Amino acid sequence: MQRMMVLAALFLVAGCAATVDDYADKTPKLELPRFFSGQLVAHGMVQDRSDNVLRHFSASIRGEWQGNQGILDEQFIFDDGEEQHRCWRLTKEGDSYTGTAGDVVGTAAGRTVGNALNWQYQLLVPVDGTEWTLNINDWMYLIDENNLLNRATMSKFGLEVGQITLSIRKVGETGGPRTPGCSL
């Protein structure tokens, strides 16, 4: 009986989860090629499953699009001095997007509706001298033409292990320096 009650509770919680379609009437409309073009800056934090801040970071992002193909050249600097680079290669098909990057397993996939993007992917993350494959449920919300909030939940074996929260601001229509090899 107790097992049935736990399963029922899990189904209720899962049934309450937001879907990207819940944002159909929200504005301004998020169009990735429009927002992620030119130079952007981001500031964020990584938290564990207990909401303790593990580290914070800043990032410089350069976005570029040609037709339905785009790149996001991301340079991260963490509070402990670590630097990371990620080059996203994106494809737009209607309101759906796919993307690949060097530390992404397979292909990220998601779609935009209203002011939101929800996409999922698996990310290789170094943890204590080993590498974990984490499932990422990534949500982005366009606040205005120059500001976007991003919240990602990280899980392993179906259990949440942490979150990433960041604010991204568009600072210019033209991009800064590009990382070699990260081009259309």
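Two strands are taken as paired if DSSP finds at least two bridges between them. In this predicted model, strand 2 (residues 53–66) and strand 3 (residues 69–78) meet that criterion, with ten bridges in the antiparallel sense. Within this pairing, Ser58 has Ile77 of strand 3 as its bridge partner. Strands of a sheet pair through backbone hydrogen bonds, either parallel or antiparallel. The pair belongs to a wider arrangement: ten strands close into a barrel in the order 1-2-3-4-5-6-7-8-9-10, with antiparallel pairing. Neighbouring strands of this sheet are turned against each other by 25 degrees on average, direction ignored.

Further along the barrel, strand 6 (residues 104–113) pairs with strand 7 in the antiparallel sense over seven bridges. Here Gly110 has Trp119 in strand 7 as its bridge partner. The hairpin formed by strand 6 and strand 7 has two residues between the strands, and Gly114 in this hairpin takes a positive phi near 60 degrees. Strand 7 is also joined to strand 8 by twelve bridges, and these two strands run antiparallel. One of the positions in this second pairing is Gln120, which stands opposite Asn137 in strand 8. The hairpin of strand 7 and strand 8 likewise has two residues between the strands, with Asp128 at a positive phi near 50 degrees.

The largest pocket holds about 950 Å³ of space. Its lining comprises 43 residues, of which Val46, Leu123, Val125, Met154 and Ile164 lie nearest the centre of the pocket. Two or more lining residues each come from strand 1 (38–48), strand 2, strand 3, strand 4 (83–93), strand 7 (116–127), strand 8 (130–144), strand 9 (147–156) and strand 10 (159–172). Strand 7 gives the largest share of the lining, eight residues. By class, the lining has 30 nonpolar, five polar and eight charged residues.

Eleven aromatic pairs are found in the structure. In one of them, the ring centres of Trp65 and Tyr97 are 6.4 Å apart and the planes stand at 80 degrees, so the pair is edge-to-face, the class for planes over 60 degrees apart. Trp65 belongs to strand 2 and Tyr97 to strand 5 (residues 96–100), so this contact ties together parts that are 32 residues apart in sequence. With a cut-off of under 20% relative accessible area for burial, Trp65 is buried at 14%. Tyr97 also counts as buried, with a relative accessibility of 3%.

Trp88 and Tyr121 form another edge-to-face aromatic pair, with 5.3 Å centre to centre and 80 degrees between the planes. This pair links distant parts of the chain, with Trp88 in strand 4, Tyr121 in strand 7 and their positions 33 residues apart in the numbering. Trp88 is buried, its relative accessible area being 5%. Tyr121 is buried as well, at 12% relative accessibility. Elsewhere, Tyr23, Trp139 and Tyr141 are linked into a cluster by ring pairs.

Several backbone values depart from the common pattern. Most residues other than glycine have a negative phi, and most peptide bonds are trans. The peptide bond from Thr27 to Pro28 is cis, with omega near 0 degrees. Pro28 is placed in the loop between helix 1 (2–15) and helix 2 (32–35).

Asp51, which is not a glycine, has a positive phi near 75 degrees. This residue lies in the loop between strand 1 and strand 2. Asp51 has a relative accessible area of 46% and is therefore partly exposed, as this class runs between the 20% limit for buried residues and the 50% limit for exposed ones. Phe157 is also a residue other than glycine with a positive phi, of about 55 degrees. Its place is the loop between strand 9 and strand 10. The relative accessible area of Phe157 is 74%, so Phe157 is exposed.

Definitions and conventions
Residues numbered from 1 in each chain as written. Predicted model: local features only at pLDDT ≥ 70, side-chain atom pairs only at ≥ 80, totals over all residues. Heavy atoms only, no water. Helix = DSSP H or I, 4+ residues; strand = E, 2+ residues; numbered from the N terminus. Axes fitted to C-alpha atoms, helices over the stretch in contact; angles between N-to-C directions. 1 Å grid on protein atoms, 1.4 Å probe; cavity = no way out; pocket = protein on both sides within 12 Å on 5 of 7 lines; lining within 4 Å. Points joined across faces, edges and corners; volume = space filled by probe spheres on them. Nonpolar A, V, L, I, M, F, W, Y, C, P; charged D, E, K, R; others polar. Phe/Tyr/Trp six-rings, centres within 6.5 Å; stacked < 30°, edge-to-face > 60°. Buried < 20%, exposed > 50% of the residue type's maximum accessible area, 1.4 Å probe, protein only.
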